[in-house]
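Please examine the sequence and the structure shown below. The paragraphs that follow lead through selected helices and their packing.

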Amino acid sequence: MTILITGATGNIGSQVIQHLVNHGADVRALVRDPSKANFPAGVAVAKGDFLDIDSMRAAFDGVSTLFLLNAVVPDEFTQALIALNVARSAGIDRIVYLSVIHADVYVNVPHFAGKFAVERMIEQMGMAATILRPAYFIQNDLTIKDVVAGYGVYPMPVGDKGLAMIDVRDIAEIAALELMRREQAGQPLPLTRINLVGPETLAGTDIAAIWSDVLGRPINYGGGDTAAFEQNLKQFMPAWMAYDMRMMGERFLTDGMLPEGGDVERLTTLLGRPLRSYRAFASEAAASA
């Protein structure tokens, strides 16, 4: 019984692999370039690409459980549908899919809408899957750490509704636990959705206050201008992606990213420990500067 991990070389995928290895699982990692793969001993490496059907068929052969993680790319939706169809043809009936929270609410945000369509395929085709719906990744703020420290401004357009930010380490651990639960079940388990959230919901001013405490000097919240946010992002990412992120930021402002009742308690029970906080992340980030 083999668990296949896609997105294996990324931050979440690599951590999922380590957790699974620690549990003694038989793990196979899908990578584009095996020469760049650096995994724990015993992890099998399969060369493949989502748009290379033959390579996907070879990689999925003999697999019992699939972790599907797609990068935010223009053809993310197509990649996911291909992966799920190939998985179905290969007889894989245990799936964990990394979607996003409020995929059915942020309907005008391209990568949210794509993930929601994938969720609908999973549901309509009766696939036995866990759909993980993470909120904003805390570690996304590593990209603006220097702005916070150097200019005294927290620039992300978080707004005042609040985001239930989650640490990627918690995401990876929960994903691994779900993969093991499905892998070890006597028969395929029913479809389930799990919101992945942090221990608290933070507005932009809340986050600025945390940075003020951690850095020992005033940090102001400067978000809310999504047009300027898009222009800044275009300096280091493609224009289509910067626009996608702007659309997401606008939904932060109007809707927030809020947990449902019981989400935090459910995750705390699943992990057997408290969820990691934004304050802990900020303290770690400041200490490593």
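In which hand of crossing does α8 pass α9? The crossing is right-handed. In this predicted model, the axes of α8 (residues 226–233) and α9 (residues 239–255) come within 9 Å and cross at roughly 150°. Angles over 145 degrees count as roughly antiparallel, and α8 and α9 are therefore roughly antiparallel to each other. On the α8 side, the contact is formed by Thr-226, Ala-227, Phe-229, Glu-230 and Leu-233; α9 contributes Ala-242, Tyr-243, Met-245, Arg-246, Gly-249, Glu-250 and Leu-253. Sorted by class, this contact comprises 7 nonpolar, 2 polar and 3 charged residues.

A second helix pair is formed by α6 (residues 168–184) and α10 (residues 263–271), which pack at an angle of about 70° with their axes 10 Å apart. That angle makes α6 roughly perpendicular to α10. Here the crossing is left-handed. Asp-170, Glu-173, Ile-174 and Leu-177 of α6 meet Leu-267, Leu-270 and Leu-271 of α10. The residues of this contact divide into 5 nonpolar and 2 charged, with no polar ones.

Helix α9 also appears in the surroundings of α4, since the buried residues of α4 pack against α3 (76–89), β5 (95–98), β6 (129–134), β8 (192–196) and α9. Those buried residues are His-111, Phe-112, Gly-114, Lys-115, Val-118, Glu-119, Met-121 and Ile-122. Helix α4 (residues 110–124) has 15 residues and reaches 21 Å from its first C-alpha to its last, close to the 21 Å expected at 1.5 Å a residue. Gly-126, with a positive phi near 65°, follows α4.

How values were computed. Residues numbered from 1 in each chain as written. Predicted model: local features only at pLDDT ≥ 70, side-chain atom pairs only at ≥ 80, totals over all residues. Heavy atoms only, no water. Axes fitted to C-alpha atoms, helices over the stretch in contact; angles between N-to-C directions. Helix = DSSP H or I, 4+ residues; strand = E, 2+ residues; numbered from the N terminus. Parallel < 35°, antiparallel > 145°, perpendicular 65-115°, else oblique. Left-handed = near helix turned anticlockwise from the far one by under 90°. Contact = heavy atoms within 4.5 Å. Nonpolar A, V, L, I, M, F, W, Y, C, P; charged D, E, K, R; others polar. Expected span 1.5 Å × (residues − 1). Buried < 20%, exposed > 50% of the residue type's maximum accessible area, 1.4 Å probe, protein only.
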